[in-house]
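This report introduces a structure to a reader who has not met it before. The surroundings of the ligand are treated first, and backbone features follow.

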Amino acid sequence: MSEQEIRVPELGGAESVEIVGVLVSVGDSVNAEDPLLELESDKATVELPAPAAGKITRLDVKEGDSLKEGDLVGMMETAEGGGASDGEEAQGDEASSGTSPAQDEEQSADQGSEETAAGEAETSGGEQEIHVPELGGAESVEIVGVLVSVGDSVNAEDPLLELESDKATVEMPSPATGKITRLDVKEGDTLKEGDVVGMLEVAGGGSGAAASGGQEQKAGSKEQAPESEQQGTPVGASPARDNTKSEAPSQSAASGTAAKPETPDTPSGKLVHAGPAVRRIAREFGADLQQIQGSGPKGRILKEDVQTWVRNQLQSGGSAPAGGGAGIPEVPLPDFSQFGDVERQSMTKIQRLTAQGMHRSWLNVPHVTQFEKADITDLEAFRKDHKAEGEKRGVKMTLLPFLMKACAHALTTYPQFNVSLDMANEQIIQKHYCHIGIAVDTPNGLVVPVIRDVDQKSIWQLAEEAQELAGKARDKKLTNNDMSGACFTITSLGGIGGTAFTPIVNSPEVAILGASKASMEPFWDGAQFQPRLMLPLSLSYDHRAINGADAARFTTLLSRVLGDLRELLM
Ligand code: CAO
């Protein structure tokens with residue numbers, strides 16, 4: 001037996017996370033990768049996995065604590081050698097540790113494969129497994145396109161699959177040059193980091209040692225074996241796959257079976273089978289998981305179950321979920337074909353999630369929009385003076401970086417705009433950083449990449465980053481990390497047109513600035529009309545967090561700064 005520290009591993013880009021659930025107690029026996037804590041960052045709920053099998057001997061944290069990468073969470077006693085092979089000891093205590101039946105299944109599957117898993121490499125005789133790489137913080141992705149077939153020759157980095165996460169569509173590149181010899185997945189399957197999607201015969205021979213026999217020995221194993229390393233597993237990341245997946249690998253992906261999704265719901269003691277993503281959605285909608293009948297394997301609750309439950313609540317006018325809007329009747333759809341030709345198209349995941357997010361914000365946030373105009377005649381002259389230099393630097397100098405800088409100044413001056421509301425706990429969360437999201441229109445839908453620490457960056461840096469992120473957005477290369485952590489959002493329709501609009505707050509932020517198209521207008525200077533370039537601004541805000549006077553102060557300051565950039569020096 002030896003004692004081992006339990007520390008917070010790499011957080012996939014999040015600066016800090018809050019503990020929203022402590023899933024174990026001192027004295028509990030756990031298997032490697034069992035979830036110990038449920039952690040919530042700005043964008044995702046993830047589980048902190050046990051670094052090894054053993055017994056929890058100390059817990060230094062509690063629900064509500066905020067943690068950073070490397071923080072000490074507690075101690076555990078591991079069997080000599082630690083790691084995944086300690087599963088046997090942990091299994092003896094399963095009943096008392098409250099593991100779910102699905103976990104039992106996973107544990108026995110794990111144990112059946114552990115011995116052979118240890119020390120094996122991923123390739124065999126020139127064949128290499130193709131794994132889902134790091135997902136930039138996303139818990140799972142859906143396959144929206146399979147771009148290759150068995151027999152296809154591919155180059156390293158060639159796109160194999162098109163994957164869609166909560167926020168972005170990305171391509172999964174080939175890990176090497178070679179020929180596809182097996183594909184275990186199909187469109188619509190759900191994948192997690194480390195999942196095997198197929199095999200590749202690597203050109204010029206394999207890499208690494210053979211894993212011969214792995215598959216035969218592990219027949220019957222339904223899930224992957226845990227990684228035997230004791231540290232460094234990213235939070236919420238699924239254990240790395242080895243060759244254990246011998247039974248119809250795509251089935252578990254298709255059915256959404258996650259590696260370690262089930263955890264007991266500690267508050268009531270009743271077991272609820274649901275993964276972190278489903279728990280997060282349930283929390284967002286205020287849905288009580290205990291009331292929801294799961295339709296997945298072993299009664300596991302799926303996202304669809306939560307959605308159906310919420311819909312039923314709304315339709316029946318029953319008790320309002322915290323998501324709001326109870327009793328709102330659905331808009332009936334007539335048979336449009338009676339009026340002319342129609343065709344139906346599935347929404348992309350980004351479109352679905354945007355629709356949900358907008359609806360949620362619309363229903364939850366009491367919106368008010370404050371309008372203002374900024375005289376940007378001098379700013380425009382300044383911008384044009386710098387366009388040539390921008391071209392030399394390879395940066396397009398648009399109005400956007402100036403808007404960001406002005407907003408960062410206003411957010412620092414009026415910090416009540418840089419908050420989120422925690423209504424459940426009746427708290428205001430003040431943020432001491434200044435990250436700004438930029439709404440980018442892409443053929444695939446609306447995405448909002450985030451530029452960090454805008455208050456500390458130069459206009460050139462902001463222009464460069466905005467251009468890079470907008471490019472990544474349009475090329476579907478954004479990661480979850482690129483889209484996390486905004487305090488405030490800017491949506492600029494100025495390059496397109498329009499005189500004003502009422503943007504919807506990107507909650508849990510509390511304000512969003514819309515910019516419309518600047519145009520020349522007569523401006524009365526006290527003696528005569530002057531032609532001035534006026535930029536229409538529309539600030540929508542959450543009236544629970546911000547009052548009208550503050551909104552007018554905010555837009556007035558924005559107008560002053562954009563009218564005279566010297567204001568930034570004050
Ligand atoms: N008034 C007048 N001209 C403007 C302007 C404004 N408010 N804003 C931008 N322009 C000009 C730019 O300066 C540029 O002109 P030049 O070519 O002379 O330099 C031109 O319009 C095109 O700009 P752009 O759109 O390429 O770049 P941008 O930095 O202004 O905007 C981005 C970048 C990513 C915000 C934008 O491309 C975009 O996607 N906008 C749509 C956002 C959206 O859909 N919002 C709605 C969300 S809610 O549904």
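Which residue has a backbone N or O atom that lies 2.8 Å from a nitrogen atom of the ligand? In this predicted model, that residue is Ala-518. Taken alone, the ligand exposes 970 Å², and 73% of that area is buried by the protein.

Two side chains also approach the ligand through N or O atoms: Arg-383 at 3.1 Å from a ligand oxygen atom, and Lys-387 at 3.1 Å from a ligand oxygen atom. The table lists these polar contacts.

| Residue | Part of the residue | Ligand atom | Distance |
|---|---|---|---|
| Ala-518 | backbone N or O | nitrogen | 2.8 Å |
| Arg-383 | side-chain N or O | oxygen | 3.1 Å |
| Lys-387 | side-chain N or O | oxygen | 3.1 Å |

The ligand is surrounded by 20 residues, of which Thr-398, Arg-474, Thr-491, Ser-516 and Ala-518 come nearest. By class, this shell holds eight nonpolar, six polar and six charged residues. Strands β24 (440–442) and β27 (488–492) each contribute at least two residues to the shell.

The backbone has further features. In the loop between β27 and β28 (511–515) lies Pro-508, which is joined to Ser-507 by a cis peptide bond with omega of about 15°.

Positive phi values also occur in residues other than glycine. Glu-33, in the loop between β3 (29–30) and β4 (35–40), has phi near 80°. Asp-453, in the loop between β26 (450–451) and α12 (459–474), has phi of about 45°. Glu-33 is buried because its relative accessible area is 4%, whereas Asp-453 is partly exposed, with a relative accessible area of 26%.

Conventions:
Residues are numbered from 1 along each chain as its sequence is written. This is a predicted model: local features need pLDDT of at least 70, side-chain atom pairs count only at pLDDT 80 or more; totals for chains, interfaces and linings use all residues. Side-chain values use heavy atoms; hydrogens and water are left out. A residue is near a molecule or strand if one of its heavy atoms lies within 4 Å of it. A polar contact is a pair of N or O atoms within 3.5 Å; within protein, one must be able to donate a hydrogen and the other to accept it, and residues adjacent in sequence count only if both atoms are side-chain atoms. Accessible areas come from the Shrake-Rupley method with a 1.4 Å probe; for residues, only the protein chains shown count as cover. Helices (H or I, at least four residues) and strands (E, at least two) are DSSP runs, numbered from the N terminus. Ala, Val, Leu, Ile, Met, Phe, Trp, Tyr, Cys and Pro count as nonpolar, Asp, Glu, Lys and Arg as charged, and the others, Gly among them, as polar. Buried means under 20% relative accessible area, exposed over 50%, partly exposed in between (1.4 Å probe, protein chains only).
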